[in-house]
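Please find below my note on the side-chain contacts and one pocket of this model. The points are numbered for ease of reply.

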Amino acid sequence: MRVDEDGQPSQLGFNSHRRLERDISELLGLAKGILADGVVSDAEAVLLSEWLTAHPEPVAHWPCDRIAARLNSILADGSIDADERTDLTELLHQLVGGDAGILDSEIASTSLPFTAPPPHVIFAGRDYVLTGKFASGPRVHCERLVVERGGRCGSTVTRRTDYLVVGTFGSRDWVHSAYGRKIEKAVEYRAGGVPLAIISERHWANAIS
């Protein structure tokens with residue numbers, strides 16, 4: 001165990017994680033403010049780019065890395081055309097969870113991490129983890145639908161997980177409002193080569209029906 005100069009457990013990792021949570025929460029708030037009037041202006045795009053430049057730690061992590069890469073591409077020529085503005089607006093909508101996330105009438109789940117294109121969904125013999133609040137009903141009901149079709153449901157994302165299903169709306173146990181620990185872990189595993197699919201409740205429900 002890493003210790004500090006006083007022989008106590010190091011707080012560096014803990015503090016780093018807290019800073020990351022704070023910064024990503026700030027980014028989500030900034031994105032909601034930018035989208036409040038439905039238009040992303042040139043000045044707001046530059047402001048967002050400057051924020052990301054000033055916060056290198058979260059830019060090394062999802063979803064800030066996605067936003068930074070897209071912004072760098074859009075601002076590379078020093079101007080934003082109509083298609084780029086639309087692209088950036090859609091990206092920020094995905095980040096905050098759409099109109100529901102902007103209005104905070106519900107805490108909506110972001111669509112950024114979903115596997116694209118959406119994969120074929122197989123139930124028999126596959127391991128599922130469900131997260132978030134489901135429009136289809138209580139999570140126990142949704143898990144029962146998986147089990148009835150031959151699948152297995154777990155409570156945590158592991159390397160054995162085949163599908164992480166993200167409910168239409170976020171839940172109180174999520175951090176950063178729009179996404180949470182299970183999604184973060186799934187994104188990490190997927191980036192490391194684990195064949196784990198992250199799918200929306202809508203895609204999952206279509207397979208159920």
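The points below take up the aromatic pairs, the salt bridges and a pocket in turn.

1. Basis. This is a predicted model, in which local features need pLDDT of at least 70 and side-chain atom pairs count only at pLDDT 80 or more, while totals for chains, interfaces and linings use all residues. Residues are numbered from 1 along each chain as its sequence is written, and side-chain values use heavy atoms, with hydrogens and water left out.

2. Stacked tyrosines. The whole structure yields 3 aromatic pairs (rings of Phe, Tyr and Trp, the last by its six-membered ring, with centres within 6.5 Å; planes under 30 degrees apart are stacked, over 60 edge-to-face, the rest tilted). Tyr-128 and Tyr-163 count as stacked because their ring centres are 4.8 Å apart and their planes stand at 20°. Tyr-128 belongs to strand E1 (residues 127-131) and Tyr-163 to strand E3 (residues 163-166), so the contact ties together parts 35 residues apart in sequence. Helices (H or I, at least four residues) and strands (E, at least two) are DSSP runs numbered from the N terminus. Tyr-128 is buried at a relative accessible area of 1%, and Tyr-163 is buried at 6% (buried is under 20% relative accessible area, exposed over 50%, partly exposed in between, with a 1.4 Å probe and protein chains only). Together with Phe-123, these two tyrosines form one aromatic cluster.

3. Edge-to-face pair. With ring centres 5.9 Å apart and planes at 75°, Phe-134 and Trp-204 are edge-to-face. Phe-134 sits in the loop between E1 and helix H7 (139-148), and Trp-204 in helix H9 (residues 201-208), so far along the chain that the two are 70 residues apart. Both Phe-134 and Trp-204 are buried.

4. Salt bridges between elements. The structure has 7 salt bridges (a side-chain nitrogen of Lys or Arg within 4 Å of a carboxyl oxygen of Asp or Glu). One of them joins Arg-85 and Asp-42 at 2.9 Å, N to O, and links helix H5 (residues 82-96) with helix H2 (residues 42-54) across 43 residues. Arg-85 is partly exposed at 25%, as is Asp-42 at 38%. Another joins Arg-152 and Asp-127 at 2.8 Å, N to O; here strand E2 (residues 152-154) is linked with strand E1, 25 residues away in the chain. Arg-152 is partly exposed at 39%, whereas Asp-127 is buried at 17%.

5. Lys-185. What does the side chain of Lys-185 meet in a salt bridge? The partner is Glu-188, at 3.5 Å, N to O. The two are 3 residues apart in helix H8 (residues 181-191), which means a separation of about one helical turn. Lys-185 also lies over the face of Tyr-189, 5.6 Å from the ring centre (NZ of Lys or CZ of Arg within 6 Å of the centre and within 35 degrees of the ring normal). Lys-185 is partly exposed, at 34% relative accessibility.

6. Second largest pocket. Of the 10 residues that line the second largest pocket, His-61, Trp-62, Glu-184, Lys-185 and Glu-188 lie nearest its centre. Helix H1 (12-35) and H8 each supply at least two lining residues, and H8 gives the most, with 5.

Note on methods:
On a 1 Å grid over the protein atoms alone, a cavity is a set of points where a 1.4 Å probe fits but cannot get out, and a pocket is an open set with protein on both sides within 12 Å along at least five of seven lines; lining residues have an atom within 4 Å of a point.
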